[in-house]
Amino acid sequence: MTEGFETDVLIIGSGPAGGAASLFLSSYGIDNVVLTRYRWTANTPRAHITNQRTVELMRDMGIEDEITGKGTSHELMGQTAFCTSLAGEEIGRIRTWGTHPQRLADYTEASPTLPCDLPQTLFEPILVSTAAARGARIRFDTEYLSLTQDADGVTARVRDRLSGSEYEIRAKYLIGADGGRSKVAQDIGLPMAGAMDLEGSMNIVFEADLSKYVAHRPSVLYWVLQPGAQIGGIGAGLVRMVRPWNEWLVVWGYDISQPAPVVDEAMATEIVHNLVGDDTIDVKLKGTSVWSVNHMYAEQTSVGRVFCMGDAIHRHPPSNGLGSNTSIQDAYNLAWKLALVLKGQASPRLLDTYDAERAPIAKQIVDRANKSRTQFGQIFRALGMTPDAPAGRTIDSRKDDTAEGAAQREELREAIKLKDYEFNAHGVELGQRYQSAAVIPDGTPEPLYDKDPELYYHPTTWPGARIPHCWLTRGTETVSTLDVVGKGRFTLLTGIGGDAWIKAAEVVSEQLGVELEPFVIGPGRDLEDLYGDWARLREITDTGCLVVRPDAHIAYRASTVDADPTTALTEAFEGLLGRR
Ligand code: FDA
């Protein structure tokens, strides 16, 4: 026994990844300890965009209202403007985060939730305090130093930063959620692909009442296209709403080949005045920081009993708002697996599927966010602000009554439309499909995408996909399919004629000791499909069944009733739990 204490899961980091991992594990009844080097959670509002999938996870945890209540609501998120400054000329607008009427239909059809905008400074305390209320132990001012692992567990050496004393914590598993400079990922030697420090960027957080410039076009993002706005940074200058309309975050780039600037009050105020286009506004500076743009992802996310998640395995610019969302979704993927293994219901082999399922997502989102960053280039070109723009083109020439003017206007519209891939990438946000040993293929090929897979979510019950959302009824209550599944247990869904699956589920649950709750969807049964949407979405017959994992992804699908459903389900569960 070392000096210190023991836990089931030791989590390094209390950011979106670590805080969420602790929340999920605590909700599943797993003993866990969170360490964070600082005295409290995030002190700057970095991530804000909270996409539908993340809100769904919070709904599963029973805290959706807290998240949406503290966040800025969806209808205020969407009139994203491109301008020479907030007070200056407006060049174009794009309706973002599913607020275009056509896209709103896509978003509301796809999920019981809507995106919201919640600063990390408000989100992290909700994650961490709810986790603590559900049993997690949170150690602030505590720094992870090193780890060793053996066949039975992990021993981490840590330092109490208040007293300077060092001690050890023994855990069965360790999660490295320690951000973009992850020491855990380095210590376990995760292979990383890509490059760090591609561009320089600075954040300036300030208070100022900007209502007169923004309230008529409510949005979370105002992009500023000025000379110099293409240097470094995330594609253009950005005035980012933190709280409507008096708290803001300016993102401005710098040349990474030069030393990082010292952003003092005078410089910060000048940049803010410049991007707002009004040097009379009263700027109350709250903080500044410099950071760099990365394009790096882990090709492997775990070694032995140590699992990394969040920015530790995907490092990319904030474009697309995927960072904290993907971090939280990593945690959701791993937490139920750890819970099942720690409760003795699954073999540790189940944990290998974390890597198989999340490493491809890490690469996908890093590539997507970086591509989005560079896709501002077309807008600058359309405005005549790049060396390759046609001769004579200027920002004003788009107003000309000439063939060139008309062509320029068309090019600008197309360039702005391209930003849908950053601001309305519904397929990226919601359409993750897994292929791993925790998904039992049903022999059907992966369904094709009939629209752009990044822009559009394609519902399917193909094994590995997230269960499609639709509204069902239970008595007088209206519930989403996503409300039926989750909560840390497996569910089985069948229809009228699928009673054999229900009996099989009871046998399998009893014999394998796994929580599996069966439901019949049909007239007069547990749940009713009064709108007929489930029949349209389920892609199985009335007598078939879906087994849904605790993270709402389909584990197993049978189109019709099996001759021996108990054997079929037993084999499926033994396979996905690694018990064969
Ligand atoms: P994060 O860095 O948040 O947390 C790391 C944790 O580890 C901290 O608690 C830290 O104290 C701890 N730690 C580190 N080393 C330690 C050690 N040795 N010992 C103990 N503790 C240690 N994302 C998004 O989804 N939507 C958005 O809109 C945006 N917008 C955005 C804007 C800007 C300007 C930036 C810079 C970033 C974003 N992001 C974003 C990205 C988002 O902020 C980022 O992806 C998440 O914070 C990553 O969460 P993690 O928990 O992985 O790491």
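# Exercises on a predicted model

**Exercise 1. Is Ser22 buried or exposed, and what surrounds it?**

Start with the count: Ser22 has 32 other C-beta atoms within 10 Å, so it is buried. The cut-off for that label is 20 or more. This model is predicted, so we're working from a computed structure.

Next, place the residue. Ser22 sits in helix α1, which covers residues 16-27.

Now look for contacts, skipping residues up to four places away in sequence. That leaves Ile11, Asn32, Val34, Val128, Ala131 and Ala136 touching Ser22.

Finally, try a long jump along the chain. Leu546 is 524 residues away from Ser22 in sequence, and their C-alpha atoms are 29 Å apart.

**Exercise 2. Do the same for Pro445: buried or exposed?**

Count again: Pro445 has 7 other C-beta atoms within 10 Å, so it is exposed. Here the cut-off is 12 or fewer.

Then find its place: Pro445 lies in the loop between α14 (426-430) and β19 (471-474).

For distance, take Ala236. Pro445 and Ala236 are 209 residues apart in sequence, and 41 Å lie between their C-alpha atoms.

**Exercise 3. Which residues touch the most other members of the largest nonpolar core, and which domains does this core lie between?**

Some background helps: in soluble globular proteins, nonpolar side chains tend to be buried together.

Step one is the membership. The largest nonpolar core has 116 residues, and those touching the most other members are Ala21, Ile175, Met309, Ala331, Ala335, Leu338 and Val548.

Step two is the source. Helix α9 (residues 323-342) gives this core its largest share, 11 residues.

Step three is the location. Both domain 1 (4-73 + 118-193 + 298-352) and domain 3 (433-576) contribute residues, so the core lies between them.

Step four zooms in on Ala21. Leaving out neighbours within four places in sequence, Ala21 contacts Ile11, Ile175, Ala177, Met309, Ala331, Leu334 and Ala335.

There's also a second, separate core of 49 residues, with Ala236, Tyr254, Ile379 and Ala382 among them.

To finish, turn to the domains themselves. Besides domains 1 and 3, the chain has domain 2 (377-418). The centres of domain 1 and domain 2, taken over C-alpha atoms, are 46 Å apart.

**Exercise 4. Which residues come nearest to the ligand, and which element gives the largest share of the shell?**

Begin with the nearest ones: of the 36 residues around the ligand, these are Gly13, Gly15, Gly179, Gly310 and Gly323.

Then sort by element. Two or more residues of the shell come from each of α1, β8 (142-149) and α9. The largest share, four residues, belongs to α9.

Last, sort by class: the shell has 14 nonpolar, 16 polar and six charged residues.

**Exercise 5. In what order do the eight strands of the open sheet run, and which are the edge strands?**

The order is β5-β4-β12-β13-β14-β11-β15-β18, with mixed pairing. The edges are β5 (90-95) and β18, as each pairs on one side only.

Walk across the sheet, beginning with β4 (residues 79-83) and β12 (residues 221-224). These two run parallel and are joined by three bridges, and Phe82 stands opposite Trp223 in β12.

Move on to β12 and β13, which run antiparallel with four bridges. Here Tyr222 has Val239 in β13 as its bridge partner. Strand β13 (residues 237-243) is mostly covered, with six of its seven residues buried.

Next come β13 and β14 (residues 247-254), antiparallel over five bridges. They form a hairpin with three residues between them, and Met241 is bridged to Trp248 in β14.

Now take β11 (residues 192-207) and β15 (residues 284-298), an antiparallel pair with 13 bridges. Gly194 has Met296 in β15 as its bridge partner.

The walk ends with β15 and β18 (residues 314-315), antiparallel over two bridges. The partner of Tyr297 in β18 is His314.

**Exercise 6. Why is helix α2 largely enclosed by the rest of the structure?**

Check its residues, 52-60. Nine of the nine are buried, so α2 is largely enclosed. The charged ones are worth spotting on the list of buried residues, which includes Arg53, Glu56, Arg59 and Asp60.

Then look just past the helix: α2 is followed by Gly62, with a positive phi near 80°.

Note on methods
Residues are numbered from 1 along each chain as its sequence is written. This is a predicted model: local features need pLDDT of at least 70, side-chain atom pairs count only at pLDDT 80 or more; totals for chains, interfaces and linings use all residues. Two residues are in contact if their C-beta atoms, placed from the backbone, lie within 7 Å. A nonpolar core is a set of buried Ala, Val, Leu, Ile, Met, Phe, Trp, Tyr and Cys residues joined through C-beta atoms within 7 Å. Domain bounds come from an automatic or database domain assignment. A residue is near a molecule or strand if its C-beta atom, placed from the backbone, lies within 6 Å of it. Two strands pair if DSSP finds at least two bridges between them.
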